[in-house]
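Biologist: I have a fold open on my screen. Please walk me through how to read it.

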Amino acid sequence: MGVSASEIMTREVISVQTSATIQELVELIFSKRVSGVPVLDEDSKLVGIVSKTDLITHGLEQELSSILGKKTENTRHVELPDFENILGSVQTAETVDQIMTTDVITASPSSEIREIVRIMLEHRIHRVIITEGEKVVGV
């Protein structure tokens, strides 16, 4: 038998509640230096996952279009601010449940890493949430 998820997973899972604002999510992602987090409901049940990609995909298209349209004197070069500055412009009225991905791919602590890697490659995802029942126990 190979290495299992429980042997290498991160046990101290950074998560966010569905009711958190986008601004709170941005602050969490940057303060904890993570690229995505599981989303939990008021009963701590896994209901989604949200990442930096979701932040861009949902609601930042106009901001990015505006930035991409601003060219410098050299018409071949476009200046882009860093990712944190782009995210800082997100309105705080939106909540995480409006942008999260609800189809979360999970695995059990006993799942072999080989299988988890295959799933990650197949689904083009960067993390798999490790659960026992409805409880998140690792990433």
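**Reading the fold**

Modeller: Start with a hairpin: β2 and β3 are joined that way, with five residues between them. In the turn, S44 has a positive phi of about 65 degrees.

Biologist: What kind of model is this, and how are residues numbered?

Modeller: This is a predicted model, with residues numbered from 1 along each chain as its sequence is written. Local features need pLDDT of at least 70, side-chain atom pairs count only at pLDDT 80 or more, totals for chains, interfaces and linings use all residues, and side-chain values use heavy atoms, leaving out hydrogens and water.

Biologist: How many helices and strands are there in the chain?

Modeller: Helices (H or I, at least four residues) and strands (E, at least two) are DSSP runs, numbered from the N terminus. Here the chain has six helices and six strands. Along the sequence the pattern reads α-β-α-β-β-α-α-α-β-α-β-β.

Biologist: Back to the hairpin. How many bridges join β2 to β3?

Modeller: Two strands pair if DSSP finds at least two bridges between them. Strand β2 (residues 36-40) is joined to β3 by five, and the two run antiparallel. One partnership to look at is P38 with I49 in β3.

Biologist: Is β3 enclosed or open?

Modeller: Buried means under 20% relative accessible area, exposed over 50%, partly exposed in between (1.4 Å probe, protein chains only). Five of the six residues of β3 (residues 46-51) are buried, so the strand is largely enclosed by the rest of the structure. Across the 139 residues of the chain, 34% count as buried.

Biologist: Which residues of helix α2 are buried?

Modeller: First the general idea. An α-helix has 3.6 residues a turn, so residues three or four places apart point the same way. In α2 (residues 22-32), the buried residues are I22, Q23, L25, V26, L28 and I29. Just after α2, R33 takes a positive phi of about 55 degrees.

Biologist: What is the order of the strands in the open sheet?

Modeller: Three strands form it, in the order β4-β5-β6, with mixed pairing. β4 (106-107) and β6 (135-138) stand at the edges, each with a single partner strand, so one side of each is left without a neighbour in the sheet. β4 and β5 (residues 129-132) pair in the parallel sense over two bridges. T106 stands opposite I129 in β5.

Biologist: Where is S111, and what is S111 in contact with?

Modeller: S111 lies in the loop between β4 and α6 (113-123). S111 is buried, with a relative accessible area of 18%. Contact means heavy atoms within 4.5 Å. Leaving aside neighbours within four places in sequence, S111 is in contact with V3, S4, A5 and I116.
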